[in-house]
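This report describes the fold, the strand pairing, selected loop residues and the internal space of one protein. The reader is invited to keep the sequence and the model in view throughout.

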Amino acid sequence: MWRGGRGRRIGRGNIGRVGRWVVIEPLLPPLARRGRPVAHARRDVLDAILYVVRTGCAWRALPVDFPPWQTVYWYFNQWEQQKVTEKILPVVRGQLRIAEGRDPEPTAGIIDSQSVKGADTVGQDSRGYDAGKKTGGRKRFIVTDTRGLLLTTTVCSASVQDRDGAKPILLDLYLRTRVRFVYADAGFAGRLLDWAATILQTTIEVIRKPPEQRGFAALPRRWVVERTLAWLTAHRRLARDYERHPATSEAMIRWAAINTTTRRIARGYPATRQQKHTKPSTH
């Protein structure tokens with residue numbers, strides 16, 4: 001069975017792409033009625049954007065199977081100016097929550113931050129040094145629901161303290177969602193709790209590491225957002241921050257979250273870890 005256009009075979013590996021396109025296509029802006037005909041299918045453009053996010057390649061290094069990189073990059077910028085990712089993300093998140101038997105709109109969230117190294121393309125105006133993590137670059141803040149699905153994100157200098165960088169993302173969370181209860185780690189304790197309760201009517205519950213704990217242990221609620229950060233950084237474009245502007249970094253995070261969420265919708269069942277095959281004994 002063959003797909004039209006570039007003649008790509010639809011095998012087992014492409015079924016996920018077909019399912020994701022069915023989910024995302026209705027959420028894209030409608031095509032303009034005037035002007036010259038579109039030369040490249042938008043599905044090919046979407047595949048190219050997700051390819052850049054997933055593999056981490058430069059725009060100019062896109063394989064020739066995709067439309068020209070200038071076209072793909074133009075669509076990426078145009079869709080971001082039209083806030084396409086901000087519109088797609090809550091829709092696909094709601095679809096997945098409904099499929100899992102939950103209310104489409106969450107009321108509780110989990111916040112965390114991640115410091116990542118910045119490439120030489122990151123400008124001095126938005127990069128810093130996180131003394132705690134000993135990382136120079138940028139810091140990502142994300143809020144997820146209790147299933148680990150991304151609600152909102154923001155990117156800033158790595159030198160920003162967690163309790164200061166959390167204010168913009170909590171305000172955005174207040175404006176976009178019904179979430180009024182947030183779990184956090186000890187880095188968000190202090191004056192932030194009073195600020196959130198007074199200004200946003202949002203309760204932040206700090207989950208602290210037990211004093212007797214030695215080494216790593218998954219803490220209740222906190223492990224969910226940490227797992228989401230692992231899902232996101234599995235997209236190689238997010239393994240390091242390469243973007244000139246923080247807003248572009250935020251767009252890359254949303255595209256990675258959309259990719260992860262739509263894959264789960266298209267798959268239709270929970271992911272299973274591949275089992276190791278052992279060689280039969282010769283004795």
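Two strands are said to pair if DSSP finds at least two bridges between them. Helices (H or I, at least four residues) and strands (E, at least two) are DSSP runs, numbered from the N terminus. The model is predicted: local features need pLDDT of at least 70, side-chain atom pairs count only at pLDDT 80 or more, and totals for chains, interfaces and linings use all residues. Residues are numbered from 1 along each chain as its sequence is written, and side-chain values use heavy atoms, with hydrogens and water left out.

## Overall fold

The protein contains eight helices and six strands. Along the sequence, their order is α-α-α-α-β-β-β-β-α-β-α-β-α-α. A residue is called buried under 20% relative accessible area, exposed over 50%, and partly exposed in between (1.4 Å probe, protein chains only). Of the 283 residues in the protein, 45% are buried. A contact means heavy atoms within 4.5 Å. Among the contacts with a separation of 6 or more, 62% are between residues 24 or more positions apart.

## Strand pairing

The table lists strand pairs, each with the sense of pairing and the number of bridges.

| Strand pair | Sense | Bridges |
|---|---|---|
| E1 and E3 | antiparallel | eight bridges |
| E2 and E3 | antiparallel | three bridges |
| E3 and E4 | antiparallel | seven bridges |
| E5 and E6 | parallel | four bridges |

Strand E3 (135-144) appears in several of these pairs, and nine of its ten residues are buried. Individual positions can be followed across the pairs. Thr144 of E3 stands opposite Ile110, and Thr144 also stands opposite Leu150 in E4. In the pairing of E2 with E3, Gly128 stands opposite Gly137.

The parallel pair joins strand E5 (residues 181-184) to E6. Here Ala184 has Val206 in E6 as its bridge partner. Together with helix H6 (residues 191-199), E5 and E6 make a right-handed β-α-β unit. A crossover is right-handed if, with the strands pointing away from the viewer, the path from the first strand over the helix to the second runs clockwise.

Which residues of strand E6 (residues 203-206) lie on the covered face, and which on the uncovered one? Ile204 and Val206 form the covered face, while Thr203 and Glu205 form the uncovered face. In a regular strand the side chains alternate between the two faces of the sheet.

## Selected loop residues

Gly123 is found in the loop between strand E1 (108-117) and strand E2 (128-130). Gly123 is buried, at a relative accessible area of 10%. Leaving aside residues up to four places away in sequence, Gly123 touches Arg138 and Arg244. Gly123 and Tyr242 are 119 residues apart in sequence, and their C-alpha atoms are 9.9 Å apart in space.

Lys134 belongs to the loop between E2 and E3. In this hairpin, which has four residues between the strands, Lys134 takes a positive phi near 55°. Lys134 is exposed, with a relative accessible area of 63%.

Gln201, in the loop between H6 and E6, has a positive phi of about 50° although it is not a glycine. Gln201 is partly exposed, at 48% relative accessibility. In the hairpin of E3 and E4, which has five residues between the strands, Gly148 takes a positive phi near 90°.

## Internal space

Rolling a probe the size of a water molecule over the atoms shows where empty space is left. On a 1 Å grid over the protein atoms alone, a cavity is a set of points where a 1.4 Å probe fits but cannot get out, and lining residues have an atom within 4 Å of a point. Grid points are joined across faces, edges and corners, and a volume is the space filled by probe spheres set on the points.

How many cavities of 30 Å³ or more does the structure hold? There are two cavities of 30 Å³ or more, and the largest has a volume of about 70 Å³. Its lining includes Gly148, Leu150, Trp231 and Arg264. Helix H7 (222-233) and helix H8 (246-267) each supply at least two lining residues, and H8 gives the most, with four residues.

By class, the lining of the largest cavity has five nonpolar, four polar and one charged residues. In this scheme Ala, Val, Leu, Ile, Met, Phe, Trp, Tyr, Cys and Pro count as nonpolar, Asp, Glu, Lys and Arg as charged, and the others, Gly among them, as polar.

Technical notes:
1 Å grid on protein atoms, 1.4 Å probe; cavity = no way out; pocket = protein on both sides within 12 Å on 5 of 7 lines; lining within 4 Å.
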